[in-house]
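Please open the structure in your viewer and keep the selection tool at hand. This tour goes from one selection to the next, and at each stop it says what is there.

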Amino acid sequence: MILGRIVGWMFLALALLAGSAEVAVSLRAGRFTSLPLEKFWRDFNNASLESTQSFVRDTAPWLWDPGMITVLQMPAWPVLLGFAAVMLWLFRAPAPVVPS
């Protein structure tokens with residue numbers, strides 16, 4: 001449970017980082033510029049993207065194209081924020097038991 005929440009918080013931090021990077025790139029360009037998840041992931045850790053791509057293509061090629069390619073073309077921060085929300089919701093702390 002705690003590991004799932006930690007991963008959720010890490011995805012939330014990555015979403016904030018991706019959003020900040022998108023704002024910085026947009027300000028530098030002088031217009032709105034979206035930062036695709038693939039570019040963010042490639043800049044953050046290229047080796048993990050390549051190994052994930054290789055693994056998914058070898059085990060389930062139908063999942064890579066069009067599934068993963070579609071997700072990788074989306075803006076990074078909403079995708080990461082969605083993953084964070086799902087992880088934090090799935091692994092939320094149990095409600096305290098109130099004795100009656």
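Which residues are linked in a network of salt bridges? Keep in mind, while you look, that this is a predicted model, and begin by selecting Glu 38, Arg 42 and Glu 50, for these are the residues that the network links.

**Stop 1: the salt bridges**

With those residues selected, look first at Arg 42 and Glu 38, which form a salt bridge whose closest N and O atoms are 2.9 Å apart. Both residues belong to helix 2, and because they are four residues apart there, about one helical turn separates them. Next, turn to Glu 50, whose side chain meets that of Arg 42 in a salt bridge, with 2.8 Å from N to O. Arg 42 therefore takes part in the bridge to Glu 38 as well as in the bridge to Glu 50, and this is how the network is linked.

Are these residues buried, partly exposed or exposed? Arg 42 has a relative accessible area of 31% and is partly exposed, Glu 38 is partly exposed at 32%, and Glu 50 is partly exposed too, with a value of 35%.

Now add Asp 43 and Lys 39 to the selection, since their side chains also meet in a salt bridge, at 2.8 Å from N to O. Here again the two residues are four apart in helix 2, so that about one helical turn lies between them. Asp 43 counts as exposed, because its relative accessibility is 54% and the cut-off for exposed is over 50%, whereas Lys 39, at 44%, is partly exposed. In total, the structure holds three salt bridges.

**Stop 2: helix 2 and helix 3**

Select residues 37-59, which make up helix 2, together with residues 61-72, which make up helix 3. The axes of helix 2 and helix 3 come within 10 Å and cross at roughly 165 degrees, which means that helix 2 is roughly antiparallel to helix 3. The crossing of these two helices is right-handed.

While helix 3 is still selected, find Pro 66, which is located in this helix. What kind of peptide bond joins Asp 65 and Pro 66? The bond is cis, with an omega of about 20 degrees, and it is worth a pause, because most peptide bonds are trans.

**Stop 3: the loop after helix 3**

Move on to Met 74, which lies in the loop between helix 3 and helix 4 and which, at 37% relative accessibility, counts as partly exposed. Then select Pro 36 as well: Met 74 and Pro 36 are 38 residues apart in sequence, and yet their C-alpha atoms are 5.3 Å apart in space.

**Stop 4: helix 1 and helix 4**

Select residues 2-29, which form helix 1, and residues 76-90, which form helix 4. These helices pack at an angle of about 160 degrees, with their axes 8 Å apart, which means that helix 1 is roughly antiparallel to helix 4. Their crossing is left-handed.

**Stop 5: a patch on the surface**

Finally, select Ile 2, Leu 3, Ile 6 and Met 10, which form a nonpolar patch on the surface, with about 430 Å² of accessible area together. Of this patch, Ile 2 has its place in helix 1, and, with a relative accessibility of 54%, Ile 2 counts as exposed.

Methods. Residues numbered from 1 in each chain as written. Predicted model: local features only at pLDDT ≥ 70, side-chain atom pairs only at ≥ 80, totals over all residues. Heavy atoms only, no water. Patch = residues over 30% accessible without salt bridge, like charges linked within 9 Å, V, L, I, M, F, W, Y side chains within 5 Å. Areas by Shrake-Rupley, 256 points an atom, 1.4 Å probe, with all protein chains shown as cover. Salt bridge = Lys/Arg side-chain N within 4 Å of Asp/Glu carboxyl O. Buried < 20%, exposed > 50% of the residue type's maximum accessible area, 1.4 Å probe, protein only. Axes fitted to C-alpha atoms, helices over the stretch in contact; angles between N-to-C directions. Parallel < 35°, antiparallel > 145°, perpendicular 65-115°, else oblique. Left-handed = near helix turned anticlockwise from the far one by under 90°.
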